[in-house]
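Work through the following exercises with the structure open beside you, and try each task before reading its solution.

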There are 2 protein chains.
Amino acid sequence: MFRTQTCGELRLKDVDKTVTLSGWVQRTRKMGGMTFVDIRDRYGVTQLVFNQEINPTLCNEANKLGREYVIQVTGIVKERSNKNFHIPTGEIEIIVSELKVLHSSDIPPFTIEDDTDGGDDLRMQYRYLDLRRNCVRQNLELRHKMAFEIRRYLDEQNFLEVETPILIKSTPEGARDFIVPSRMNPGQFYALPQSPQTLKQLLMVSGFDRYFQIAKCFRDEDLRADRQPEFTQVDCEMSFVEQEDILQIFEGLMKHLFYYIKGIDMKEPFPRMLWSDAMKYYGSDKPDIRFGMRFVELKDLTEGRGFSVFDSAPYVAGICAEGCATYTRKQLDGLTDFVKRPQIGAKGLVYVRCEARGSYKSSVDKFYSQEDLKMWAKRFDAKEGDLLLILCGDKAKTQKALGELRLEMGNRLGLRNKDVYAPLWVIDFPMFEWDDETNRFYAMHHPFTSPKSEDVPLLETDPGKVRANAYDMVINGVELGGGSIRIHDSQLQDKMFKILGFTEEQAQEQFGFLMNAFKYGAPPHGGLAFGLDRMVSMFAGLDSIRDCIAFPKNNSGKDTMLDAPSAIDSFQLEELQLKLEPKAKN
Amino acid sequence: MFRTQTCGELRLKDVDKTVTLSGWVQRTRKMGGMTFVDIRDRYGVTQLVFNQEINPTLCNEANKLGREYVIQVTGIVKERSNKNFHIPTGEIEIIVSELKVLHSSDIPPFTIEDDTDGGDDLRMQYRYLDLRRNCVRQNLELRHKMAFEIRRYLDEQNFLEVETPILIKSTPEGARDFIVPSRMNPGQFYALPQSPQTLKQLLMVSGFDRYFQIAKCFRDEDLRADRQPEFTQVDCEMSFVEQEDILQIFEGLMKHLFYYIKGIDMKEPFPRMLWSDAMKYYGSDKPDIRFGMRFVELKDLTEGRGFSVFDSAPYVAGICAEGCATYTRKQLDGLTDFVKRPQIGAKGLVYVRCEARGSYKSSVDKFYSQEDLKMWAKRFDAKEGDLLLILCGDKAKTQKALGELRLEMGNRLGLRNKDVYAPLWVIDFPMFEWDDETNRFYAMHHPFTSPKSEDVPLLETDPGKVRANAYDMVINGVELGGGSIRIHDSQLQDKMFKILGFTEEQAQEQFGFLMNAFKYGAPPHGGLAFGLDRMVSMFAGLDSIRDCIAFPKNNSGKDTMLDAPSAIDSFQLEELQLKLEPKAKN
C-alpha cells in the first residue's frame, strides 16, 4: 500500500498514529540537526521530520532528496511545537521511520510554486509541471466542479445530455472548419463542428424536448488573445418554449452555480437591457454594469459655438468620472493617448473639470462659455470634483471608443471588483449586420434565428431594423453565452436565406438536411450556448481562459508540449490520397 | 405558453382541469361521431377527444390532422370510460376546445412505432425520425442517466474530470489516426486521439491523483460490425495504487450502476479469472460465465486407438451439452456446419451421445470402444442424456472454435438470459502477442503496461511468457473495459521498447514527451477505460452499439443523414496547401 492517508488529511486528532504518505518533495531544509521535508500531493502538504541524532542513516537519505522527488514515508504523527496555522495540516508533523524514493526528479525548469519563476512559453512546454502548481490545479478542480453542477442542475430540469458527433459535414461557415480526410472514403472529408447547432435542432425535431451537451467545438481561425482552436460549450436547446422560458431556466442555472460554487445567493432576477440601450449607454453589447458611468449625449448642447470638431461630428457624447477633476495634465494626456490607440480609434479627447464654486475648466474653453459647460455638467448630473470626458465622431465607432474609455476609467477608479458579480441579459439584438466590404447583410447570430414577430414586416422594407428573439447573458462585461428562438416556419426561413443572399440551391446544399427534417413536424424551439472556458475563468477570477484548460494551445494554435501540429509520415498522406502543395511565397 | 403539462403527466387527480398540451400526432381514429387523437411527446401519450356533434368545425379540423403533425390543444381533462391501463395517462382524456397546428408534416418514410416498418438504411438516413421512436429515445435516456451516475460515483470517489485535447499529435499507432491539417501551420497536421492514454499519464505526473473523463476517441480503421470511427470511453487513471485498488474502485462503479440504473444489488465481489484459465476453460479472454460448459481436455484419453485425426492433433477437447443426446442427425450436421464456417475454422466435429443404460453413440464408434467413451464421459462428468461435442487441432485455434461452439450451445439451450448479469475480472494477461507475419512481439495492451514483478526476469529469456498487471472487466461475454498498472521506471520502459522493436530514436520521437515528463518525478500509477457505448448497449439489452448513439455512422464510416464525409470546396484544400491525388486504380 502506497499510503494510508493523503498529504492534506492529518490533524491533531491523528497524533500518535502510524501513517504512510506518498507524494512529491516540495522543499527540504536543515535546522539544528533536524531535516524538515514538505511532502505534497493534490490534497495538501505535510511536514516530515528526520532527526540526525536518532537516525543518522535515514536523515542522510532525506538530505539527498531533491525537489520533486516522489517519495513514500512511514512514521508517527506528532504535534508540532512550531505550528503553522496557514495550512490545514500545520499543527502536526510526521516523525519518519521509513523512507523510500519512488522516483527521482531532474531539477524542474521552473519552481513549482504559485509565484513561479517560469515564463509563459516554458510553462506551456512543461505543462505537466505547470499543472502541479496549486493555483493551476485549483482552476481545473473548479472546472470539474462547475461542469458537475451544470449537469446536476440541467438533469434536475429534465434535460438530457446527448452526445452529437465530432465527425460531421463541412458547414456554411466552412472557411473556419477543420477538415478531416477519410481513409475509407478517399477524396472525401469530415469537418469538426464549430458548434452542434444544426444537430441540436434535429434533436428538437426528434422530440427530445430538452437537450444539453458539454461539447467540444472547433474553429480553425486566427486566434485572438483569448480564443482556442478547440473550446468547450454548454450547449442547450428546448422545445415548446418562448424566450421567457429560456431566460428563466438559464438564469436559474447561473444562480445554481453562484450558490453551489461561490456560496453567493443571487435572489434578485437578473436585469435585462435592450441591445439598443446597451449600445446607447455603454457602447457595448456586453456592458459591465458593476458601475454606472453611462454615456450622456451632448450633440444638441455643443452646436453653434464655432467648435468645428463637434459641429461636424454626427455624435458627441461623454462620461462623467467621479472625483477625477484633480487629474493632472499628464494623466489627461495619458487618457488621450489611450483613446487614440489604433484599436480604439478616437481622434482626440475633450475634458471638462468641474472645479470648486461651480467653475469649469476644459480643453475647449476657447469655444464654450462657463454657462455652456454648466449645461453640460447638469446633463451629466456632475458634482464638484468630477471630470467629464467627451468623444465625438461617427456614432458607432465613437460609442465603441467611449465604451473602452469607460472600462478604463472603471479600472482606474477600482469599480471593477472581481468579487462583485453583475449579471445581465442583453435582449432584442438586431437580426442582421450590414457588411460594407461585401455589401450584404450577415446574420448577427445565425440564419435560424427568429425575428421578433412585430418586426417581420420590416424584413421586406428595412431588414437592418429587424430585431431578433436573441439574447446574451453578460456578467461583468463578459459575454458568457447567448442564443435565440429559432425559426421553425419554412416560408420565413426561405425569406431569411434570400435576405442573406443565398440562392435556393445554396440553401438546399448547405442546410438541406435540416430543412428536410423540418418538413416532418418541427416544434417551436430555441436555446443557447455558454462558453464553459469563459465561465470557469470568470469564476476563477482569471484574465485568460488558458489557465482553466488542462492542455491549451498557444496563439499559433500549437501545443508546444506535444509538438502538435507537426509533419506526418508520407505514407499517411498517400493512404488518404493527398499531397502537400506548398504555396509559392510572394 | 405552449403547454401547461407534458403529454405524460395527466392523471385522474387532474380531472376537470383546463390544460394545454403540445406534441406530435401519433394517430387519429374516428368512432361513432367522435375523433380520437393520440398526442405524443418525450414524456408520453395522451388521448384527445373531438366531438362531431358538439363542435363540428373543430372536429373537422382534427380529422384533417396527419401523422406527425405538431399541434397545440387546450381542453378539459375527463375520466375515460374505456380506460387503457397500459399507459400512465390511460385513465384520462382531454375534451378539446382549441386546436392549433404548429407545424404540418409530410408522410414519414416509415412508421414512428417501436415495431417500425423502416429498414436500417432508411432509418439512418432519417435518423431524426428514427429518434422519435420510443425504443430508440429510451436508449439515449439510459445513456444520459448512465453517464450521469458514472460521474456522480467518480466525483464521490474524489476523481476529477479533466478535458484533454481532441487536436493532438499523431501517435505510434499512427496508421489508425485521423489527421487534421492546420490552416495556420500549413503542411502540419494534428491527429485525433485514439484514446487519452498518454495525456492521462501526464496528468498523473502532474499529481492529479484521480482522473477520469468521458472522452470521445477516434479510430480510422475498417469498421467491424460493432465499431464506430468515433466512440466514447470512460477513461480513468489513479496514482499511488496497486492493481487491487483499481479493481475495487471500478467494481464499485459497476455495482453503483447496477444499483442505480437497474435496481440490482450486486453484493458479492466479482469473480476473478486468470487469463490462462479463461483461454483453457472458455477459449476466450472474455468468457460468458452465465453458464458453465467448461472445456474438458481429452488428448491423453484419445491416443493410440488408430483415429489419426485425433492422434495427429496437438489438442483435443470438448464441451458437454446437457440434455442434448436427443439431437437429431440434422441438428448435429447443423452444428458441424457451424464449426466449419470460415470465421470459426474447425475441420469437423466429433459427438458422443450419452444414451440410456450407460451406452454411448458417437461419430467415432469405429475407433473407440464403449469403455473408451465411458472414460471420456466420466471426465466430462456427463449424465445420461448429455451430448459431448469435441474438436481437435492446433491448440489456440481449436480453443477459439470450441469457445464459439460453447456460446452457440449456450444460445440454443437458453443459458444466455439478457436479464442475468455475470460480471468477471480477467487478470494476468500476457504482456506480448507474437505476430507471425511481421515476426515480432506486439504489446497486448500498450507499451506502458507494467509486467508482473515476478516475471521481469523472463523479459530477457522468454518474453512470450511474461504476464502483465493488466485486467479486463467482462460481463456476459462482453469486454466492457480494461486497463493496467503502468511502468513508471524508465529503465524498465527502455527494455520494453527494445523488446517491441523500437530503436532509441523511434521511442524518443514517439513517446519523448511522456518519457521526459517521467524524469521529473512520476508516481506509480495505473488505470482503465470502459467503452461507454458497450456499457449502455449491454444495460439496454441491445445487440449493437449503434442504437445507443444519437447519430451513428454506418459500416463505411458514413453518416448518410448529414452526407458526411463528402467532397469539399477546392479553396478549402488550397488554403491548407493540399491537393487531391487519387490513386491509379489497379
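**Exercise 1.** In this predicted model, examine the side chains of Arg379(B) and Asp300(B), and decide what kind of pair they form and where the partners lie.

*Solution.* Begin with the distance: the closest N and O atoms of Arg379(B) and Asp300(B) are 2.7 Å apart, and the pair is a salt bridge, since the cut-off for such a bridge is 4 Å. Next, locate the partners, which link distant parts of the chain: Arg379(B) belongs to helix 11 (residues 370-380) and Asp300(B) to helix 8 (residues 299-302) of chain B, 79 residues apart. Finally, consider accessibility: Arg379(B), at 36%, is partly exposed, and Asp300(B), at 47%, is likewise partly exposed.

**Exercise 2.** Describe the salt bridge between Arg127(A) and Asp130(A), and place the pair in its surroundings.

*Solution.* The two side chains meet with an N to O distance of 2.8 Å. Both residues lie in helix 3 (residues 127-130) of chain A, and because they are 3 residues apart there, about one helical turn separates them. Arg127(A) is buried, with a relative accessibility of 1%, and Asp130(A) is buried at 0%. The pair is also part of a network of salt bridges that includes Asp120(A), Arg123(A), Arg133(A) and Asp547(A).

**Exercise 3.** Is Ile112(A) buried or exposed, and which residues beyond its sequence neighbours does Ile112(A) contact?

*Solution.* Ile112(A), found in the loop between strand 5 and helix 2 of chain A, has a relative accessible area of 5% and is therefore buried. Leaving aside neighbours within four places in sequence, its contacts are Gln26(A), Arg40(A), Arg67(A), Glu68(A), Leu129(A), Arg132(A) and Arg133(A).

How values were computed. Residues numbered from 1 in each chain as written. Chains lettered and ligands numbered in written order. Predicted model: local features only at pLDDT ≥ 70, side-chain atom pairs only at ≥ 80, totals over all residues. Heavy atoms only, no water. Helix = DSSP H or I, 4+ residues; strand = E, 2+ residues; numbered from the N terminus. Buried < 20%, exposed > 50% of the residue type's maximum accessible area, 1.4 Å probe, protein only. Contact = heavy atoms within 4.5 Å.
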